[in-house]
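Visitor: I would like a close look at a single part of this model, taken slowly and with its surroundings kept in view. Please choose one helix and build the picture outward from there.

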Amino acid sequence: MRSIIDSVVIIILSYQACLLLGWWGLVPVCVVSGLLQSWSGSARHWPGMLAGAVLWGGPAIYHVLTGSEAYVQQTAELLQLPSSWLLVIVTALIGTLIAGLSRKIGVLVSSLYVKASTSTPPSRT
């Protein structure tokens, strides 16, 4: 449940950041969310990956379904993809990788600070 809430927060903040920063507005939001998270586990990058898939795959699906099929098909042909739906999948995968890796970077940097602040200096005897 926590990861779903994190994903929704990342989606909302990244959408707002993308209005100001362009396509890469997703990256700083995912890094900061990884820095600020307090729960542990091995799959802490999944909320970012879900947000990336929704934020990048959602508009691609919208363009295919609402009549921008010609534009999407031309872009797919430019990239030598046989189908516009394959372009949607590739777009969602790229967004997923960017967001997941960005969140993982935030988590790793935060774990460095946690380890540094909890370590005790060596005692002199």
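Guide: What follows is a walk along one helix, H3, and then outward to the parts around it.

A word of caution comes before the details, namely that this is a predicted model, so every value below is computed from predicted coordinates. The protein has 5 helices and 0 strands, and read along the sequence it follows the pattern α-α-α-α-α. Helix H3 covers residues 46–65, which is 20 residues, and from its first C-alpha to its last it reaches 27 Å, close to the 28 Å expected at 1.5 Å a residue. That end-to-end agreement should be read together with a local feature, for H3 bends by about 30 degrees at Gly57, with a proline, Pro59, following within four residues. Gly57 itself is among the buried residues of H3, a list that also includes Trp56 and Leu55 beside it in sequence. Elsewhere in H3 the buried positions include Pro47, Gly48, Met49, Ala51 and Gly52, and also Ala60 and Val64. For the protein as a whole, buried residues make up 31% of the 125 residues. Just after H3, the backbone at Gly67 takes a positive phi of about 105 degrees.

The start of H3 can be placed against distant parts of the chain. The C-alpha atom of Trp46 is separated by 9.0 Å from that of Lys104, although the two are 58 residues apart along the chain. Lys104 belongs to helix H5, and it counts as partly exposed because its relative accessibility is 26%, which falls between the 20% and 50% limits. A similar relation holds for His45, whose C-alpha atom lies 9.3 Å from that of Ser3, 42 residues away along the chain. Ser3 is in helix H1, and at 30% relative accessibility Ser3 also counts as partly exposed.

Helices H1 and H5 are themselves joined by a charged pair. The structure holds 1 salt bridge, in which the side chains of Asp6 and Arg103 meet at 3.5 Å, N to O. Asp6 lies in H1 and Arg103 in H5 (residues 84–118), so the pair ties together parts that are 97 residues apart in sequence. Both Asp6 and Arg103 are buried. Such links across the sequence can be set beside the contact statistics, where residues 24 or more positions apart account for 69% of the contacts with a separation of 6 or more.

Two loops complete the surroundings. Between H1 (2–21) and helix H2 (26–36), the loop carries Trp24, which counts as partly exposed because its relative accessibility is 42%. Trp24 also contributes to a nonpolar surface patch of about 740 Å², made together with Tyr15, Leu19, Leu20, Leu21 and Trp23. The accessible surface of the protein comes to about 8,200 Å², and 71% of that belongs to carbon and sulfur atoms. The loop between helix H4 (69–78) and H5 holds Gln80, a residue other than glycine whose phi is nonetheless positive, near 60 degrees. Gln80 counts as exposed because its relative accessibility is 72%, whereas Gly57, at the bend of H3, is buried.

Conventions: Residues numbered from 1 in each chain as written. Predicted model: local features only at pLDDT ≥ 70, side-chain atom pairs only at ≥ 80, totals over all residues. Heavy atoms only, no water. Helix = DSSP H or I, 4+ residues; strand = E, 2+ residues; numbered from the N terminus. Expected span 1.5 Å × (residues − 1). Bend = angle between axes of the 7 residues up to and from the residue. Buried < 20%, exposed > 50% of the residue type's maximum accessible area, 1.4 Å probe, protein only. Patch = residues over 30% accessible without salt bridge, like charges linked within 9 Å, V, L, I, M, F, W, Y side chains within 5 Å. Areas by Shrake-Rupley, 256 points an atom, 1.4 Å probe, with all protein chains shown as cover. Salt bridge = Lys/Arg side-chain N within 4 Å of Asp/Glu carboxyl O. Contact = heavy atoms within 4.5 Å.
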